[in-house]
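Visitor: I would like to look closely at one part of this model, and then follow it outward into the rest of the chain. Could you take me through it slowly, with the reasoning spelled out?

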Amino acid sequence: MRYRCLFFIVLSALRFTGTNGTNATNFNECLESVKKGAWGTGKIGATDIQGNVLEDVSQAKGFTYRLCVEACGSGQEPFKWSIFSQQFSSWLLPWLALVSQLPFGPTDRLENLESVVLTVGSPMLAAYSLALTVLNGRWIARRFSKHSYPNIRNAIRVLSSLQQAPLRVTNEGALLASLIILPQNDEWWRELIEWLAHPHTWSIPAFTSIAWVVIAYIFTVIDSFKGDLAEAINANGQGVGSLWLWLLPIVIGWLQISPKCDEARVRSAVERANKIAYIATDTHPALFKERTEERAIHLAFGEEDDRGDVLRRDERITAPIYNYARFLPWVQAVEKVSEVFGAASERYHHHESVDPGIEWVAMGDRIGGHWSKPHERNRVGSVAQVDDYCSVDPHRRHTLGSRWGSNVFSRIAVASALAFMLQWVRLAQPS
């Protein structure tokens, strides 16, 4: 199939470059013949720059479609490599260089190429995924601000960083509760943040590409005012620059967010962290890997392929443009973590130990009017005690939000509106 597509592209290119034949049209000569009256005088279809039909054909700047076909024929102008190469290198090449600054991540090169083609072909989808990512970051910070328990800030950073991965969360067998409650797992949160940390994507090449595009477009606008627009509209690159202007906020937005989308690095970070995760038992905490193959937080790379579920293929591609496909599963995973943190926080505010047989140990330091965190003795217990400590009242769970998560539809509406705005601005650009 790929070879057929390549053959079609080559064939189309040969046909395109082969239009420099005797049947090609020269619109400049055609316009001159109309101005000289070769096709008649009066209101025959000669127009001014505004498209108004003129009585004096010698003042014509253009002509109607009917007169164009009659006087010039239905062919296209011959392909001129010198003009094409000049416009390509001056106006289009900077934008193609800017495309290289889009975030990639999948290990499959074809999937990286697909993400680029999808971004260029659907600016609305690129803007929608970008807006969703920003709104999700703000939402999760507000969602967890109501809780007060160790590792809250770490959880916000971890979950936000995993928006570009197929995140899965399970609390069967008190897996998630152990990850949040046990003091031995404080290191798990810290190490995962460190292993997920990527160098900031702002760099000299990124800044240079953006500057190149901005300067080229400024020169384009200046040329539009300095020259004769009627003669230079096909050579000053204004149409190309305006058509690609939407790419600038998309690239700047992703550079500012710096998404964690390197599939190999994200997968390795979560797997390494899970090797040091502890689970509560009937006696003492033990490493997850010594008790079960299940993990409280893991990434579902390849699971859909094993089940033959191709409908969720986009979800496991880590390129940020596919964040639209991960939105609902990611929100549901975050809600599960928030519920456990909320239950633990409520017990903590009532000074309840995980093990009811251990008295509450008062901490001596206070931050912002609240105790900074519970004592480690109050955070240990058996697997049943840990599970019960983080259990949520079923009646209260129904009041926490919709089945999809809180504020889901409002974020979809806002992201869609922003994407439509970008599309409208793009279509309104002069060409």
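Guide: Isoleucine 215 is a suitable place to start, and with a relative accessibility of 45% it counts as partly exposed, since that class lies between the 20% limit for buried residues and the 50% limit for exposed ones. Please keep in mind throughout that this is a predicted model. Isoleucine 215 belongs to helix α10, which spans residues 204-226. Together with Val214, Ile218, Phe219 and Ile222, Ile215 makes up a nonpolar patch on the surface, and the accessible area of these residues taken together is about 420 Å².

To set that patch in its context, the protein as a whole has an accessible surface of about 23,700 Å², and carbon and sulfur atoms account for 57% of it. The chain contains 20 helices and eight strands, and of its 431 residues 42% are buried. Among contacts with a separation of 6 or more, 75% are between residues 24 or more positions apart.

One example of parts distant in sequence lying together involves serine 122 and glutamine 423. Serine 122 sits in the loop between α5 and α6 and is partly exposed, because its relative accessibility is 23%. Glutamine 423 lies in helix α20, residues 408-428, and is classed as buried because its relative accessible area is 17%, which is under the 20% limit. Although 301 residues separate serine 122 from glutamine 423 along the chain, their C-alpha atoms are 9.4 Å apart. Leaving aside residues up to four places away in sequence, glutamine 423 touches Pro123 and Met124.

Helix α5 enters the picture again through the charged side chains. In general, side chains of opposite charge can pair when their charged atoms come close. The model has 10 salt bridges, and one of them joins arginine 316 to glutamate 111, with the closest N and O atoms 3.8 Å apart. This pair ties together distant parts of the chain, as arginine 316 is in the loop between α16 (303-307) and α17 (323-349) while glutamate 111 is in helix α5 (residues 109-121), 205 residues away. Arginine 316 and glutamate 111 are both buried.

A further salt bridge runs between arginine 313 and aspartate 314, where the closest N and O atoms are 3.7 Å apart. Shared partners join Arg313 and Asp314 with Glu114 into one network of salt bridges. Arginine 313 has a relative accessible area of 29% and is therefore partly exposed, and aspartate 314, at 24%, is partly exposed as well.

Elsewhere, lysine 35 and glutamate 32 form a salt bridge with their closest N and O atoms 3.9 Å apart. An α-helix has 3.6 residues a turn, so residues three or four places apart point the same way. Lysine 35 and glutamate 32 are three residues apart in helix α2 (residues 27-35), which means that about one helical turn separates them. Lysine 35 is partly exposed at 26% relative accessibility, and glutamate 32 is partly exposed at 38%.

Turning to the interior, there are two cavities of 30 Å³ or more, and the largest has a volume of about 70 Å³. Its lining is made of Leu102, Pro103, Phe104, Ser115, Val116, Thr119, Trp254, Pro320 and Ile321, with α5 giving the most, namely three residues. Trp254 also appears among the buried residues of helix α13 (residues 247-257), alongside Leu247, Leu248, Ile250, Val251, Gly253 and Leu255.

Just after α13, serine 258 adopts a positive phi of about 55°. Two other backbone positions can be set beside serine 258. Asparagine 151, which is in the loop between α6 and α7 (152-161), has a phi near 75°, positive although the residue is not a glycine, and asparagine 151 counts as buried because its relative accessibility is 12%. Alanine 174, in the loop between β3 (167-169) and α8 (175-181), likewise is not a glycine and has a positive phi of about 60°. The relative accessible area of alanine 174 is 1%, so alanine 174 is buried.

How values were computed: Residues are numbered from 1 along each chain as its sequence is written. This is a predicted model: local features need pLDDT of at least 70, side-chain atom pairs count only at pLDDT 80 or more; totals for chains, interfaces and linings use all residues. Side-chain values use heavy atoms; hydrogens and water are left out. Helices (H or I, at least four residues) and strands (E, at least two) are DSSP runs, numbered from the N terminus. Buried means under 20% relative accessible area, exposed over 50%, partly exposed in between (1.4 Å probe, protein chains only). Contact means heavy atoms within 4.5 Å. A salt bridge is a side-chain nitrogen of Lys or Arg within 4 Å of a carboxyl oxygen of Asp or Glu. Patches are made of residues with over 30% relative accessible area and no salt bridge: like charges are joined within 9 Å, nonpolar side chains (Val, Leu, Ile, Met, Phe, Trp, Tyr) within 5 Å. Accessible areas come from the Shrake-Rupley method with a 1.4 Å probe; for residues, only the protein chains shown count as cover. On a 1 Å grid over the protein atoms alone, a cavity is a set of points where a 1.4 Å probe fits but cannot get out, and a pocket is an open set with protein on both sides within 12 Å along at least five of seven lines; lining residues have an atom within 4 Å of a point. Grid points are joined across faces, edges and corners, and a volume is the space filled by probe spheres set on the points.
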